[in-house]
Every structure is written in C-alpha cells, then in structure tokens.
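Trainee: I've got the model open and a coffee in hand. Can you walk me through it?

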Amino acid sequence: MLGKLDWSAIPFDQPIPLGAALVVFLAAAAVLIWITLKGYWPYLWREWITSVDHKRIGVMYIVLAALMLLRGFVDAIMMRTQQALAIHAPGYLPPEHYDQVFSAHGTIMIFFAAMPFVIGLMNFAVPLQLGIRDVAFPTLNSVSFWLTATGALLVNISLVVGEFARTGWLPYAPLSETTYSPGVGVDYYLWSIQISGVGTLLTGVNLVTTILKIRAPGMGYLRMPMFCWTSLASNLLIVAAFPILTATLAMLTLDRYLGFHFFTNEAGGNQMMFVNLIWAWGHPEVYILVLPAFGIYSEIFSTFSSKPLFGYRSMVAATMFICIVSFMVWLHHFFTMGAGADVNAAFGIATSVIAVGTGVKIYNWLFTMYGGRVRFDTPMLWALAFVTTFIIGGMTGVLLAVPPADFMLHNSLFLVAHFHNVIISGVLFAAFAGFTYWFPKAFGFRLHEGWGKAAFWFTLAGYVLVFVPLYIVGLLGMTRRLQHIDMDLWTPWLMVAAFGIAVMIVGAACQVMQLIVSIRHRDVLRDETGDPWDGRSLEWSTPSPPPVFNYARLPHVENEEPYWTVKQRAVDDQAPEIEEGYEPIEMPRNSPTGFVTAFFSTLIGFALIWHIWWLAIVGFIGAYITFVVFAWREHGDYEVPASEVERIDRGTRAAQLAWMRRRERPA
C-alpha cells in the first residue's frame with residue numbers, strides 16, 4: 001500500500017535531523033495558526049496563491065529563495081563547524097549525515113536559492129522595464145513558480161522522511177546507481193530536480209517569448225535596458241540547456257527504476273557519458289545565474305553614477321558572446337579524466353576566451369563610474385564589492401583553465417573556494433543588490449540604509465574570511481568533502497574559516513533586522529514618487545507598488561533611457577506629460593492552476609520516490625484534469641474600468657509633479 005515507506009524512514013536515532021525537522025514543523029505550524037487567527041487565508045488565496053501577476057509571482061520566487069538560502073546557509077554552517085571540530089576527532093556529524101549535508105547544500109543553493117532569486121528578479125522587473133503589462137503566458141508563469149516550490153518541498157521532506165543523496169550536488173554515476181546508492185536519497189534528488197526543472201524550462205520559454213515579442217512601442221532590441229538583454233541571454237540558455245538536464249536525469253532514473261544501463265560499467269553503459277551530459281548543462285547553468293546578475297549590476301552602476309551605461313552596444317555584444325561560448329567549455333570540469341591533450345587544450349583555450357566577455361563588462365562598469373556622481377547607497381556597495389572580489393575569482397578560474405594547473409588543484413578546496421568566490425560575489429551579491437534596489441518598487445517603501453550597510457559589511461568580511469583560507473588549504477593539498485581532518489598544517493586556516501562563518505551569521509541577522517525595522521518604519525521610508533533612486537529606465541515611471549496593469553498607457557520609447565529623457569523634459573516644463581483619454585484595460589484572471597498542479601506534482605514525486613504506484617497514478621490523473629479544466633475555461637480576462645485607470649494614474653502624476661518641483665534639472 002505504501003511501497004517502500006515504513007517507520008524506519010523516520011530518523012529516530014539521529015537527533016540533529018529530527019530536531020531540525022521539529023523546529024521547522026513548529027515554525028510552519030505557528031505561521032499557519034497565525035494566518036488562520038488573523039483571517040488572512042482569503043486574502044492570500046486571492047492576491048498571492050492564485051495570482052498570475054508577474055510582480056507577485058516574482059516576489060513569491062524571492063520569498064522561496066530567501067527561505068532556501070537560509071536552509072542552505074545552515075548546511076554551510078554545519079560543514080564549516082564540523083571540519084573545525086573534527087581535527088584529530090570525529091566531530092559531531094557522522095559520515096553518512098555529513099555526506100547528505102554537503103549534497104543538500106549544493107543542490108539547494110543552486111536550484112532552490114540562486115535560481116529562484118534571479119528568476120524572481122527577472123519576473124518582477126523585466127515586464128516593467130519593457131513597458132508592458134505582463135509576461136506572454138501569465139498562467140504558465142504561475143505553474144512555473146509552483147513547480148519550483150514543489151521541488152524545494154521534496155528536498156526538505158527528505159530531511160525527516162528517508163534521506164537525501166550522498167553523491168554531491170551532481171549525482172555522478174556509477175555512485176548514484178542502485179548498486180552504490182540503494183536508498184531513496186538519489187530518488188529524492190531526481191524527482192525534485194526533474195519537477196522544478198520543468199518549471200524552470202517553462203519560465204525560460206515564457207521570458208524569451210516576452211522579450212522577443214512583447215515590448216513597448218518604439219523599443220527596438222538596441223533600446224532595451226541591459227537587464228532585459230542579460231535576461232534574454234539567460235533564458236535562451238535555459239531553453240537550450242535544461243532539456244539536457246532533463247534527459248540526463250531521465251536516463252539515470254531508467255537505470256535506477258527499470259535496470260537500464262546508460263551509465264553503469266557493464267552492458268554497454270558508460271559513466272563518462274553522464275559526466276559529459278551533466279556538465280553540458282552544468283556550465284551553461286553558471287551563466288544562466290551570472291548573466292542576469294551582470295544585468296542587475298549594469299542597472300545599478302548606471303543609476304548610482306547618474307550616467308548612461310558606458311559602451312551599451314559592446315555590453316550587448318559581450319552578453320551574447322558569453323551566451324554562445326558558454327556551451328563550448330564544459331569539459332574543463334573534468335580535465336583529469338583522460339580526454340587527451342588536444343581536447344584539454346581546446347577547452348582550456350575556450351575557457352580563457354570566455355573571460356574576455358566578462359572583462360569587457362568590468363571595464364564598461366568602471367568607465368560608467370568614471371566622471372559620474374557616484375552615490376554609495378546599499379545597492380552600489382554590493383556592486384562595488386562584486387567588482388573587487390569577482391576579479392579574484394575570475395583570475396583563479398583562468399588559472400584552473402590551464403590543464404596542468406587543474407591536474408594539481410583538481411578536487412581540492414582551491415576549486416571549492418574559486419566556485420564560491422564567483423557564485424557568491426557574482427550571483428548572491430547581485431541578488432541582494434537587486435532585492436534592495438527594486439524593493440521600494442515592489443512594496444512602496446525603502447529598506448533601512450543603516451541595517452543594509454551593516455549587513456553588507458559583515459557579509460563581505462565573513463565571505464573573505466571563509467574563502468581566502470580555503471584557497472590556502474587547497475594549495476596546501478586539502479581535498480574537499482573531508483569529514484574529519486588529520487593534518488595540523490590546515491588547522492589555523494580552518495579555524496579562520498569557522499570564524500568567518502560566524503561573521504556571516506551576523507550579516508544574515510542584520511538582513512533580517514533590516515526587514516523588520518523597515519516594515520515597522522515603513523511610513524517614514526515611504527516612496528511617494530515611484531522613483532526613490534532617481535532611476536533611468538521605465539519601471540521607475542510607475543507608482544510604487546505598480547498597479548496590476550503596470551501602465552495606464554503603454555509608453556513610447558525614443559532612446560536607450562526613455563524615462564530619463566521624460567524626466568529631463570518634465571523638469572524643464574515643471575510638469576509630467578499629460579495623459580488624456582484613458583481606456584479600460586483587459587488583464588488575465590487569477591487562476592489556481594499552478595497551485596493545484598503543484599499539489600498533484602508533489603504527490604507524484606513523493607509516490608515515485610517511495611514506489612507508491614497507486615498514489616502516483618492519482619497524481620497524474622489530477623494534474624491532467626487540472627490542465628483540461630484550464631484549457632476549457634470560458635473567461636480568461638477581466639476589465640479594469642477606465643475610471644479606475646485614470647484615478648491611479650493621476651494620483652501618481654500629482655506625486656511626481658510635487659517631487660519634480662523640489663529638485664533641480666538632472667545633469
């Protein structure tokens with residue numbers, strides 16, 4: 001009846017996962033009880049759970065990412081403290097639990113923290129920057145989010161029901177085959193990533209279609225903001241690369257469930273095919289994350305330097321260059337596996353060449369600041385920290401692109417330090433910068449600058465203290481994934497890294513305090529103008545937060561910085577441009593399709609993990625019926641009356657006029 005599921009799946013003999021699960025359960029129960037007592041369920045269902053508004057879906061992506069970032073950070077704390085305490089000692093994590101911790105850490109941070117964060121920012125900002133009212137497929141957007149949430153839920157269920165993979169964040173065969181991983185840990189990995197991967201692929205299709213086919217009148221490709229360009233490149237990579245991941249994990253699933261031999265060492269299988277396929281997806285994945293981050297930094301450098309972005313067209317060219325070349329470097333992840341000197345040399349050269357595109361961007365950002373009126377608000381601090389730290393990570397990456405050096409440093413903590421160096425500064429700093437930058441647009445009030453800067457400095461200091469020592473112990477020969485340490489030479493550096501984690505914990509606490517203080521003082525931090533940063537792109541012309549329809553009338557774009565031009569003209573005239581003749585606007589209705597699909601997908605994933613075949617069939621039938629009902633819906637849109645459109649728009653323009661009368665003409 002319940003397949004392989006029985007009471008032995010609950011880790012009663014392991015107090016750490018059981019205690020963690022109990023804390024999570026009590027916290028979730030407390031939140032649900034509070035929502036019930038306050039009577040918020042109708043509001044949440046109507047305004048958030050069933051919403052197809054790209055802005056609300058973007059916010060929900062970011063909330064999910066923040067929760068998963070916290071979970072992944074807890075895993076990082078456990079790894080660093082385990083190694084600090086396990087010098088000539090066993091530490092507090094048994095080997096099988098430690099293996100699950102580092103596997104879950106990588107999986108969660110990449111798939112369920114970094115990916116939802118950048119997708120959430122793209123969802124929120126791209127339609128606003130394009131001057132349009134929503135993405136191309138609003139309901140599909142909701143489905144994408146809820147499928148991602150399903151994958152995150154399955155990973156966290158593994159904390160208390162069964163186990164997670166012990167293979168690392170990529171389940172290399174044959175270690176992930178049933179011979180060496182007979183439990184359900186790899187199955188949790190496979191189904192959580194497959195389900196969330198479908199959601200990510202749908203997002204890629206949605207945003208590519210939106211950017212290529214739906215833009216404000218007059219907005220040609222070379223008038224799009226840089227964040228839209230980098231989002232386009234990222235989602236093109238999603239469309240091209242995620243089917244590779246889906247096919248690879250499907251073949252591993254067939255190996256595990258039906259005894260196929262794609263990646264076994266017998267019956268014609270080849271485990272090197274798995275490594276090639278997983279990295280043919282895996283290296284473009286790095287740029288799926290980093291390219292939108294580059295777009296965020298471009299917006300921030302331009303805004304806080306009070307200057308147009310330097311070298312706009314070269315930035316576009318560099319973005320698309322990286323997009324293409326990212327598919328030509330995957331083999332540098334396994335130089336040591338015998339591909340041959342010629343192949344290694346070709347991929348080493350390609351890996352060095354791709355750094356040229358990033359170099360172009362770095363110089364353009366520096367030239368954007370040169371001669372500008374630079375303001376050191378919190379988003380700009382994250383951007384400046386990125387430039388200084390990412391260059392170090394990039395240089396160590398070029399070093400690892402040299403096959404002889406990679407032979408020496410392969411599988412060492414030097415490699416771990418390099419990867420975290422570029423991902424944390426390149427993606428996580430951008431996520432924090434973009435979150436701070438667009439927060440007032442989403443919620444109508446700014447985040448507290450004092451707590452924001454405290455969070456920045458503690459996080460930056462902790463980040464340096466953690467990963468510089470890992471570079472050093474990597475050069476001293478320490479390999480990754482060690483559960484205990486027997487080398488006294490590494491001890492002081494591991495202690496410094498453990499202290500760095502403590503400093504990062506303070507930074508995370510400051511970010512939580514920033515949110516709490518900002519919400520409590522939101523009236524003081526209120527943004528009445530819609531333009532708290534003196535921005536340059538179209539999203540700052542809308543109210544904060546924007547209405548559901550974004551724009552009362554779609555803007556007409558005349559150059560690369562349409563809103564900056566409007567502001568200059570308006571300040572000269574001391575009045576915003578007057579809109580007349582408001583018309584009703586059709587918008588898509590809310591739909592529970594995404595949430596219901598995710599519910600049945602959760603049943604499907606859990607059932608397939610534990611071989612509960614009848615529950616899997618119920619889930620498939622439920623998901624199918626959900627889509628049939630959605631396809632046969634009679635009314636997909638509703639109408640916002642012209643009077644409501646006029647009321648919202650005229651109120652915004654009155655606030656903007658009062659603001660413009662208090663400021664000088666922009667330089």
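Mentor: Sure, and keep in mind that this is a predicted model. Let's begin with glutamate 646 and arginine 650, which sit 4 residues apart in helix H19 (residues 642-660), so about one helical turn separates them.

Trainee: What is the distance between the closest N and O atoms of glutamate 646 and arginine 650?

Mentor: Neither partner is hidden away: glutamate 646 counts as partly exposed at 32% relative accessible area, and arginine 650 is partly exposed too, at 35%. The two form a salt bridge, and the closest N and O atoms are separated by 3.0 Å.

Trainee: Which residues are joined into one network by salt bridges that share partners?

Mentor: Start from the pair arginine 46 and glutamate 47, whose side chains meet in a salt bridge at 3.3 Å, N to O. Arginine 46 is partly exposed at 43%, and glutamate 47 is partly exposed at 25%. Through shared partners, the network consists of Arg46, Glu47 and Arg56.

Trainee: How many residues apart in sequence are the parts that aspartate 531 and lysine 567 tie together?

Mentor: This salt bridge has its closest N and O atoms 2.7 Å apart. Aspartate 531 is buried, with a relative accessible area of 2%, and lysine 567 is buried at 0%. Aspartate 531 belongs to the loop between helix H15 (491-520) and helix H16 (562-573), while lysine 567 is in helix H16, so the parts tied together are 36 residues apart in sequence.

Trainee: And how many salt bridges does the count come to?

Mentor: The pairs we've gone through include aspartate 531 with lysine 567 and glutamate 646 with arginine 650. The count comes to 14.

Trainee: Lysine 361 caught my eye. Which side chain of opposite charge is nearest to lysine 361?

Mentor: Lysine 361 lies in helix H10. Setting aside residues up to four places away in sequence, lysine 361 touches Thr230, Phe294, Met315, Ala318, Thr319 and Ile322. Lysine 361 is buried yet has no salt bridge, and at 10 Å the nearest side chain of opposite charge is glutamate 299.

Trainee: Let's talk cysteines. Why don't cysteine 228 and cysteine 323 form a bond?

Mentor: A disulfide is a covalent bond between the sulfur atoms of two cysteines. Cysteine 228 is buried at 0% relative accessible area, and cysteine 323 is buried at 9%. The closest cysteine sulfur to that of cysteine 228 is in cysteine 323, and the gap is too far for a bond: 15 Å.

Trainee: So how many disulfides does the structure hold?

Mentor: Looking from the other side, the sulfur of cysteine 323 has cysteine 228 as its closest cysteine sulfur, again too far for a bond at 15 Å. The number of disulfides in the structure is 0.

Trainee: Which helix gives the largest share of the largest nonpolar core?

Mentor: In soluble globular proteins, nonpolar side chains tend to be buried together. Here the largest nonpolar core has 172 residues, and those with the most contacts inside it are Phe111, Tyr188, Tyr297, Trp365, Trp438 and Trp610. The largest share, 19 residues, comes from helix H8.

Trainee: How many residues are in the second, separate core?

Mentor: Among its members are Ala552, Ile585, Met587 and Val640. The second core has 7 residues.

Trainee: Now a loop residue: is valine 329 buried or exposed?

Mentor: Valine 329 is placed in the loop between helix H9 (312-325) and helix H10 (341-369). Leaving out neighbours within four places in sequence, valine 329 contacts His283, Phe347, Ala350 and Thr351. With a relative accessible area of 0%, valine 329 is buried.

Trainee: How far apart in space are valine 402 and tyrosine 98?

Mentor: Valine 402 is in the loop between helix H11 (378-400) and helix H12 (403-409), and at 39% relative accessibility valine 402 is partly exposed. From tyrosine 98, valine 402 is 304 residues away in sequence, and the C-alpha to C-alpha distance is 32 Å.

Trainee: Last one: which residues of H1 are buried?

Mentor: H1 (residues 15-38) reaches 34 Å from its first C-alpha to its last. Helix H2 (41-49) and helix H4 (95-130) are among the parts covering the buried residues of H1. Those buried residues are Pro17, Ala21 and Ile35.

Technical notes. Residues are numbered from 1 along each chain as its sequence is written. This is a predicted model: local features need pLDDT of at least 70, side-chain atom pairs count only at pLDDT 80 or more; totals for chains, interfaces and linings use all residues. Side-chain values use heavy atoms; hydrogens and water are left out. Helices (H or I, at least four residues) and strands (E, at least two) are DSSP runs, numbered from the N terminus. The expected span of a helix is 1.5 Å times one less than its number of residues. Buried means under 20% relative accessible area, exposed over 50%, partly exposed in between (1.4 Å probe, protein chains only). Contact means heavy atoms within 4.5 Å. A nonpolar core is a set of buried Ala, Val, Leu, Ile, Met, Phe, Trp, Tyr and Cys residues joined through side-chain atoms within 4.5 Å. A disulfide is a pair of cysteine sulfur atoms within 2.5 Å. Lys and Arg count as positive and Asp and Glu as negative; His and the chain ends are not counted. A salt bridge is a side-chain nitrogen of Lys or Arg within 4 Å of a carboxyl oxygen of Asp or Glu.
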